[in-house]
Amino acid sequence: MENPLHLKSLNHISIVCRSVEKSLDFYQNILGFFPIRRPGSFNFDGAWLFNYGFGIHLLQSEDPENMPKIRIINPKDNHISFQCESMTTVEKRLKEMEIEYIKSRVEEGGIYVDQLFFHDPDGMMIEICNCDNLPVIPLSGETLRPCSTLRCSMQRKKIQQLV
C-alpha cells in the first residue's frame with residue numbers, strides 16, 4: 001500500500017457549532033471526550049477535546065441563527081462513527097438520556113454489524129457501531145482486521161513483517 005503523503009493517523013475533526021457550550025457538554029457527557037488546552041492566539045471562540053486517539057475542535061459559528069436546522073436522522077448522511085464495546089449498553093444509555101436515534105443492521109457473508117445513529121446539538125450525525133466485526137478487505141492484497149488500540153501495535157508489526 002502506498003502512502004503518498006506519509007500520513008500517520010487522524011488528528012482531529014472540526015465542527016462548527018451554534019453554541020460551543022452546548023456542544024462541549026454533549027461531546028464530554030455523551031461521547032466521553034475531555035477538554036484540552038487550545039492555543040490562546042485564536043481570535044474566535046471554540047474548544048478542543050480529545051479521546052479515542054483523535055481530537056474534536058468545536059468552532060463557534062459566526063452566524064448561529066442561519067446554520068442549517070437539524071434534519072431527520074439519515075444513515076446515508078455525513079457522520080462520525082465510533083466503535084463501541086457493547087451495543088446493548090449504548091442503546092440503553094441513549095434511551096436513559098432521551099436521545100432520539102435509529103437502529104440499523106448490516107449483514108455481509110453471515111457477519112452482522114449493528115449501528116445506532118443520532119445527532120449532536122448542531123445536527124452532526126453520530127454513529128455508534130460494532131463495525132470491528134467486519135474484516136477490512138482491500139480491493140487487492142491481504143485481508144486486514146480493524147485493530148483496537150490494544151491490538152493495533154501487534155497487528156502493525158505482523159503487517160510490517162509481511163511487507
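The following exchange concerns a sheet and a helix in a predicted model.

Visitor: What makes β1 and β4 count as paired strands, and in which direction do they run?

Guide: Two strands pair if DSSP finds at least two bridges between them, and six bridges join β1 to β4, residues 54-60, so the requirement is met. The two strands run parallel, and H12 stands opposite G55 in β4.

Visitor: Why are β1 and β2 called edges of the sheet?

Guide: The open sheet has four strands in the order β1-β4-β3-β2, with mixed pairing. β1 (12-17) and β2 (34-36) each have a single partner strand, so one side of each is left without a neighbour in the sheet. From one strand to the next, the twist averages 35 degrees.

Visitor: How do you know that V20, S23, F26 and Y27 are on the same side of α1?

Guide: V20, S23, F26 and Y27 are buried in α1, which means that each has under 20% relative accessible area. They cover an arc of only 125 degrees around the axis, and this puts them on the same side of α1. On the other side of α1, E21, K22 and N29 are exposed, a word that requires over 50%.

Visitor: Which strands does helix α1 lie across, and what do its buried residues pack against?

Guide: Helix α1, residues 20-29, lies across β1, β2, β3 (46-51) and β4, running at about 160 degrees to β4. The buried residues of α1 pack against β1, β3 and β4, and also against β5 (79-83), β7 (111-119) and β8 (125-129).

Key:
Residues are numbered from 1 along each chain as its sequence is written. This is a predicted model: local features need pLDDT of at least 70, side-chain atom pairs count only at pLDDT 80 or more; totals for chains, interfaces and linings use all residues. Side-chain values use heavy atoms; hydrogens and water are left out. Axes are lines fitted to C-alpha atoms, for helices over the stretch in contact, and angles run from 0 to 180 degrees between N-to-C directions. Contact means heavy atoms within 4.5 Å. Buried means under 20% relative accessible area, exposed over 50%, partly exposed in between (1.4 Å probe, protein chains only). The arc is that of the directions from the helix axis to the C-beta atoms.
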